[in-house]
Amino acid sequence: MPDKKIINQKKLAEIIDTKKELDLSKKQIEKIIKTLFDLIIDELKTGKTVKITGFGAFIPKSRYARGGVNPRNPKERIKIPAVKVTKFKTGKKLKDALKK
């Protein structure tokens with residue numbers, strides 16, 4: 001079973017900072033990462049696809065309203081409302097890197 005390591009924004013900033021390829025402080029790197037994520041979210045909210053060449057594309061989709069069954073009471077029918085979701089399509093460079 002693979003090790004389940006999670007990298008959050010703070011850890012990502014630390015990793016970038018240890019590379020020393022950028023002449024930026026850890027706080028500046030954290031701010032850039034936060035700004036990037038905020039921009040991606042804002043664009044997805046407006047219905048735009050965000051494509052990062054080689055990495056992948058974040059694609060906003062709408063999931064239609066539908067009927068369902070209450071898991072606590074299987075005889076009860078419920079309405080599941082329409083929601084907006086984000087799909088991720090892996091880019092070629094990322095796909096190839098994961099195959100190795």
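This passage walks through a predicted model, beginning with one helix and moving on to charged pairs and a few individual residues. Residues are numbered from 1 along each chain as its sequence is written, and side-chain values use heavy atoms, with hydrogens and water left out. Since the model is predicted, local features need pLDDT of at least 70 and side-chain atom pairs count only at pLDDT 80 or more, while totals for chains, interfaces and linings use all residues.

A good place to start is helix α2, which spans residues 26-45. Helices and strands here are DSSP runs numbered from the N terminus (helices: H or I, at least four residues; strands: E, at least two). With 20 residues, α2 reaches 29 Å from its first C-alpha to its last, close to the 28 Å expected at 1.5 Å a residue. That expected span is 1.5 Å times one less than the number of residues in the helix.

Which residues of α2 are buried? They are Ile29, Glu30, Ile33, Ile40 and Leu44, where buried means under 20% relative accessible area, exposed means over 50%, and partly exposed lies in between (1.4 Å probe, protein chains only). These buried residues cover an arc of only 105° around the axis, so they sit on the same side of α2; the arc is that of the directions from the helix axis to the C-beta atoms. An α-helix has 3.6 residues a turn, so residues three or four places apart point the same way. The buried residues of α2 pack against α1 (9-19), β1 (50-52), β2 (56-63) and β5 (83-90), contact being defined as heavy atoms within 4.5 Å. On the face turned away from the buried side, α2 carries the exposed residues Lys27, Lys31 and Lys45. After the helix comes glycine 47, whose phi is positive, near 95°.

The surroundings of α2 also include a nonpolar feature. Leu22, Leu24 and Ile32 form a nonpolar patch on the surface, with about 250 Å² of accessible area together. Patches are built from residues with over 30% relative accessible area and no salt bridge, like charges being joined within 9 Å and nonpolar side chains (Val, Leu, Ile, Met, Phe, Trp, Tyr) within 5 Å. The areas come from the Shrake-Rupley method with a 1.4 Å probe, and for residues, only the protein chains shown count as cover. Leucine 22 belongs to the loop between α1 and α2 and is partly exposed, with a relative accessible area of 49%.

How many salt bridges does the structure hold? There are 4, a salt bridge being a side-chain nitrogen of Lys or Arg within 4 Å of a carboxyl oxygen of Asp or Glu. One of them joins lysine 34 and aspartate 38, whose side chains meet at 2.9 Å, N to O. These two residues are 4 residues apart in helix α2 and therefore separated by about one helical turn. Lysine 34 is partly exposed at 45% relative accessibility, and aspartate 38 is partly exposed at 32%. Another salt bridge links the side chains of glutamate 43 and lysine 48 (3.4 Å, N to O). Glutamate 43 counts as partly exposed at 31% relative accessibility, as does lysine 48 at 48%.

Helix α3 (residues 92-99) includes aspartate 96, which forms a salt bridge with lysine 92, the closest N and O atoms being 2.8 Å apart. Here, too, the partners are 4 residues apart in their helix, α3, and about one helical turn separates them. Lysine 92 is exposed at 61% relative accessibility, whereas aspartate 96 is partly exposed at 30%. Aspartate 96 lies 42 residues from glycine 54 in sequence, and their C-alpha atoms are 9.7 Å apart in space.

Finally, a few residues help to place the elements relative to one another. Is alanine 57, in strand β2, buried or exposed? At 10% relative accessibility, alanine 57 counts as buried. Not counting residues up to four places away in sequence, alanine 57 touches Thr49, Val50, Lys51, Lys87, Phe88 and Lys89. Phenylalanine 88 is 31 residues from alanine 57 in sequence, with 5.6 Å between their C-alpha atoms. Aspartate 17 lies in helix α1 and, leaving aside its neighbours within four places in sequence, is in contact with Leu24, Lys26 and Ile29. The C-alpha atoms of aspartate 17 and alanine 82 are separated by 41 Å.
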